[in-house]
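Reader: I have a chain and its model in front of me. Can you take me through it, one question at a time?

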Amino acid sequence: MAVHKRVGTRQRSLLSQARFNEVFIFMIRYSLARFYGISAFVAWYGAVLFLTQPAQASTKVTAQQFVDLQQGQPHFPGFRRAHAKGVCVSGEFVSNGSLTHYSDAEVFSAGVHPFIGRFSIAGNNPHADELSAPVRSFALSFVTGSERWNIAMNTPPVMAVSNPHDFYQQLVAIKQGGDAIKTFFAKHPESADFLAWKASYTPTESLALETYHSINAFYLHDARSNKQAVRWQMLPLGEASKNPFTDSAALQKELAARIAHGNVRFTWQFTLAAPADDENNPAIQWPSNRAQVNAGEINITQWQPQLEGACHALNFDPLILPTGLSATADPILRARSAAYAESYRRRAKEQLIGALGGKESE
Ligand code: HEM
């Protein structure tokens, strides 16, 4: 009995060990199945959420993501990650004083205000063909006393979208090619003003014959801190003529020839927003009957290749503003400022490494 009992105890203990193992294995299997099941569900649900989320739901695009996308692969070390091909210029703004009623900015006081500037074409390639570039740009930097005002303008009067996340998706669609951009615009009815401009616009053969727009709005402040939302345009005053150059640097060469003849001038015109206009939305064109103020004339007097000129070391961050101007709440302005800083940081580092004899130089 005692033996039997001992055997029985052993059997029971073996049985319970087997039972324990079964339960243990079952639990492991169950846990794994559950884990994979839950993971699969989470992945599926996440994908569904990601794919079905409205594009404007998230605006969290970092400056690093923008610059990674814009610079492309491989990138061009030492150059701007966007608007990489350009030419340095300098000149003066002859202000007629008509904006002093709206703003204390020294640049608007009647008289001559020198600036350093840069004409460029959009894109990451510093060797790109200029005549085929769909977007041309003009940037200016004024220094008055201890203050600086940096301005960067493009040829379109509005953006296609109104927030950084959607602009990022637009850039992704452009990179994807094919029908991706058509699909993108179909999902973004706010692109209507941009598309109407695009349909009516033919690029000229001269950087001096384009109209350049601030696109984003800013506030002008008077001495009593009254503020007026504005956008501005630089309207070409040069005479149209055929560009004799056809190579990839045709726009820069034509510009140099015009500057030699003192023929690169623009009217600086401001559009005053009415209360109905949304100054925080860069995708919507303001009605054409808004009040306009002609602030004076921009004259370009000199140019230098970009790697030798003073503009190369400048970051035309649109949030560098003097007394008398301030930023609107337009989220694109913040995204621009952060992305320009990131682009600047990368190219400055590469230039430094190059100057020290490293590999990352031009
Ligand atoms: C979220 C929107 C935008 C992003 C992320 C972006 C990004 C950039 C970056 C990374 C650069 C190179 C900066 C540097 O290394 O100095 C650049 C240059 C430039 N951007 Fe934008 N940009 C945006 C919107 C705009 C808009 C709306 C305009 C026109 C109003 C504009 C006009 C320019 C111009 C003219 C330059 C060249 C400035 C120069 O000559 O140095 N950008 N942009």
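**Contacts, core and ligand shell**

Author: Of the contacts in the chain with a separation of 6 or more, 73% are between residues 24 or more positions apart. Two residues are in contact if their C-beta atoms, placed from the backbone, lie within 7 Å. This is a predicted model: local features need pLDDT of at least 70, side-chain atom pairs count only at pLDDT 80 or more, and totals for chains, interfaces and linings use all residues. Residues are numbered from 1 along each chain as its sequence is written.

Reader: How many helices and strands does the chain have?
Author: Helices (H or I, at least four residues) and strands (E, at least two) are DSSP runs, numbered from the N terminus. The secondary structure comes to 7 helices and 10 strands.

Reader: Which element gives the most residues to the shell around the ligand?
Author: A residue is near a molecule or strand if its C-beta atom, placed from the backbone, lies within 6 Å of it. In this model 31 residues surround the ligand, and among the closest are Arg80, His83 and Ser343. The elements giving two or more residues to this shell include strand S3 (136-144) and helix H7 (331-355). With 8 residues, the most comes from H7.

Reader: Is Arg136 buried or exposed?
Author: Arg136 lies in strand S3. It touches Ile121, Thr155, Leu207 and Glu210, not counting residues up to four places away in sequence. A residue is buried if 20 or more other C-beta atoms lie within 10 Å of its own, exposed if 12 or fewer, and partly exposed in between, with C-beta atoms placed from the backbone. Arg136 has 24 other C-beta atoms within 10 Å, so Arg136 is buried.

Reader: Which element gives the most to the largest nonpolar core?
Author: A nonpolar core is a set of buried Ala, Val, Leu, Ile, Met, Phe, Trp, Tyr and Cys residues joined through C-beta atoms within 7 Å. The largest one has 61 residues, and Met159 is one of those with the most contacts inside it. Giving 5 residues, the most to this core, is H7.

Reader: Which residue in S9 stands opposite Val89?
Author: Two strands pair if DSSP finds at least two bridges between them. Strand S1 (residues 85-95) and strand S9 (residues 292-305) run antiparallel, joined by 9 bridges. Opposite Val89 in S9 stands Trp303.
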